[in-house]
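Student: Could you take me through one part of this model in close detail? I'd like to see how a few of the helices pack against their neighbours.

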Amino acid sequence: MFKSVFTVGFYTLISRILGFIRDIFIASYLGSTLVADAFFVAFRIPNYFRRVFAEGAFSAAFIPVLSGIKNKSKNDKDIISFVELTMSLLFFVIIAITILFYFIMPYVIAVLAPGFLKNKETYDLAVHFGKIIFPYLLFIALVAQFSSITNTYNRFAFGAFAPALLNISFIGSLMFLTPYVVSSGHALSYGVLIGGVMQLLLMYYAIYKLQITPILVLPKIDDNVKKFLRLLLPGILGAGAIQLNIIVGTIIASFLPTGAISHLYYADRINQLPLALFGIALGIALLPTLSKYIKQGAGEEKINNVQNRSMEFSLLISLPSAAGLFILSEPIIRILFERGSFSSVDTYYSSQVLSLFALGLPAYILIKVLNPSFFAREDTKTPFYITLICVALNVLLSLLLIGSMREMGIALATAISSWVNALILYTLLKKKWQLSLDIRLKTNFIKILIATFLTFFGILLFRNLFLTDISNSSTSINALLLLLNILFALIIFASMVFVLKIY
């Protein structure tokens, strides 16, 4: 399983590096202008569904059912039939939703960013971008299904690399389309569609290599599809509610001064790096592994060991990552984005948001590890109920904090609600006797805290010595100092892992 985690992590790293290059281009071309705010809000809509399908509900419902068919039946026709029926159902439903959203897009933007109604230019741009971008949902939904198929067969590379194609499309569109369209925002919007087509072609090739070549058929509901749908609905609501934290932040931030939405976006992009490399990678690899063990009737000790090692690894990665992002948020944002239309004021607010997002990073990753323990047992309802509670908490805290903390209050509310989510998930698994922390995890957790504590002070010392005033130095020198600081932190943490025998 951990080999699969590192496979996903490696290709995700490539995608994220391209993503940072993409964001550097976006920051340079758009900065934190009204065009940027309009694009980010419009892109939130299909991106919301993408995260629901690609990282949550679809795989949570699809993989356990497909794993069961694969385990019970030696006949590939049963697998092909299930894939074709679900693909066709997905295709026709998404087409209907796309047509609907084209006509109601003005109302969707009004709900998603009500603050835009005070600025007609920003509002009209967001509606226009939304109409261009929304068909991307069809491509990414099919990509999610094809990725779930390859993941079930323990082939993770194609699905992990597919997001890189969207980043390549973004960069290419900004460079080559911008001179021929109205604005850089328009170029990015068309780039979303081009990237969706590229991802779909890649993933169809991936399942073709598995000798699975589904075609569109008239949808019908057989027993396997019924089971899939029973798991899918609460899964959609649960995974969707998680993403509502971001939507809620966007709605509230739309009432703040211009740039607040962009500050949240840029900070979230940095914070998502360790989450994507390890948290999402763990969740992707863990779900088919647990599903296989449960379908095959493996013992609880074996299943519990997989869960414990996954939590142990997530803490080993997330705690020092959170410490690093918290301390180095300002130089990271400044070096990556402060150029062109992105000002020093944008750096200040974005870095403050990143520091608070980082406080919730371990919780974000633990959620990705704990949720598959429910999904593999064909329980998508419990995570949904937990998420509803946490979304309500996030809304309440955001409204309470935004007055004094601006967009930083939204980031802090998201971090707190994520910790509550992770703690409830763990408590319920423990009460159901589906998870028991072993002595190795308990012992290593204390050791990881000690290692993180020492690494924290090491990063802080280096930053105070060399990165206190980087505004007067060249970007290349600042980037080198930042990399040296990160390398210094890695050496400290790796040394502590060796000394304390955290393995």
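Tutor: Here is a walk through two helix pairs, followed by a few single residues.

A word on the ground rules: this is a predicted model, so local features need pLDDT of at least 70 and side-chain atom pairs count only at pLDDT 80 or more, while totals for chains, interfaces and linings use all residues. Residues are numbered from 1 along each chain as its sequence is written, and side-chain values use heavy atoms, with hydrogens and water left out.

Let's start with H5, residues 120-133 (helices, H or I, are DSSP runs of at least four residues, numbered from the N terminus). Its 14 residues should span 20 Å at 1.5 Å a residue, and the end C-alpha atoms are 20 Å apart, which agrees; the expected span is 1.5 Å times one less than the number of residues. Buried residues of H5 are Thr122, Tyr123, Leu125, Ala126, Val127, Phe129, Gly130, Ile132 and Ile133, where buried means under 20% relative accessible area, exposed over 50%, and partly exposed in between, with a 1.4 Å probe and protein chains only.

What does H5 pack on? One partner is H4 (residues 76-112): the two axes come within 9 Å and cross at roughly 135°. Axes here are lines fitted to C-alpha atoms over the stretch in contact, and angles run from 0 to 180 degrees between N-to-C directions. H4 and H5 are therefore oblique to each other; under 35 degrees counts as roughly parallel, over 145 as roughly antiparallel, 65 to 115 as roughly perpendicular, and the rest as oblique. The crossing of H4 past H5 is right-handed, that is, the near helix is turned clockwise from the far one by less than a right angle. From H4 come Tyr102, Met105, Pro106, Tyr107, Ile109 and Ala110, and from H5 come Tyr123, Ala126, Val127, Gly130 and Lys131, contact being heavy atoms within 4.5 Å. By class that contact holds 9 nonpolar, 1 polar and 1 charged residues; Ala, Val, Leu, Ile, Met, Phe, Trp, Tyr, Cys and Pro count as nonpolar, Asp, Glu, Lys and Arg as charged, and the others, Gly among them, as polar.

Now the other pair. H3 is mostly covered, with 13 of its 16 residues buried. Those 16 residues should span 22 Å at 1.5 Å a residue, and the ends sit 23 Å apart, C-alpha to C-alpha, which agrees. The axes of H3 (residues 57-72) and H6 (residues 136-152) come within 9 Å and cross at roughly 45°, and that makes H3 oblique to H6. H3 passes H6 in a right-handed crossing. On the H3 side the contact includes Phe58, Phe62 and Lys70, and on the H6 side Ala144, Gln145 and Ile149 are among the residues met. The mix here is 6 nonpolar, 6 polar and 1 charged residues.

Just past H6, Asn154 sits in the loop between H6 and H7 (157-176). Its phi is near 60°, a positive value in a residue other than glycine. Most residues other than glycine have a negative phi. Asn154 is partly exposed, at 41% relative accessible area. Lys501, in the segment after H17 (475-499), has a phi near 55°, again positive, and counts as exposed at 52%.

Finally, Asn271 lies in H10 (residues 260-295) and counts as buried at 1% relative accessibility. Leaving aside residues up to four places away in sequence, Asn271 touches Leu325, Leu354, Phe357, Ala358, Leu361 and Tyr364.

Note on methods. Helices (H or I, at least four residues) and strands (E, at least two) are DSSP runs, numbered from the N terminus.
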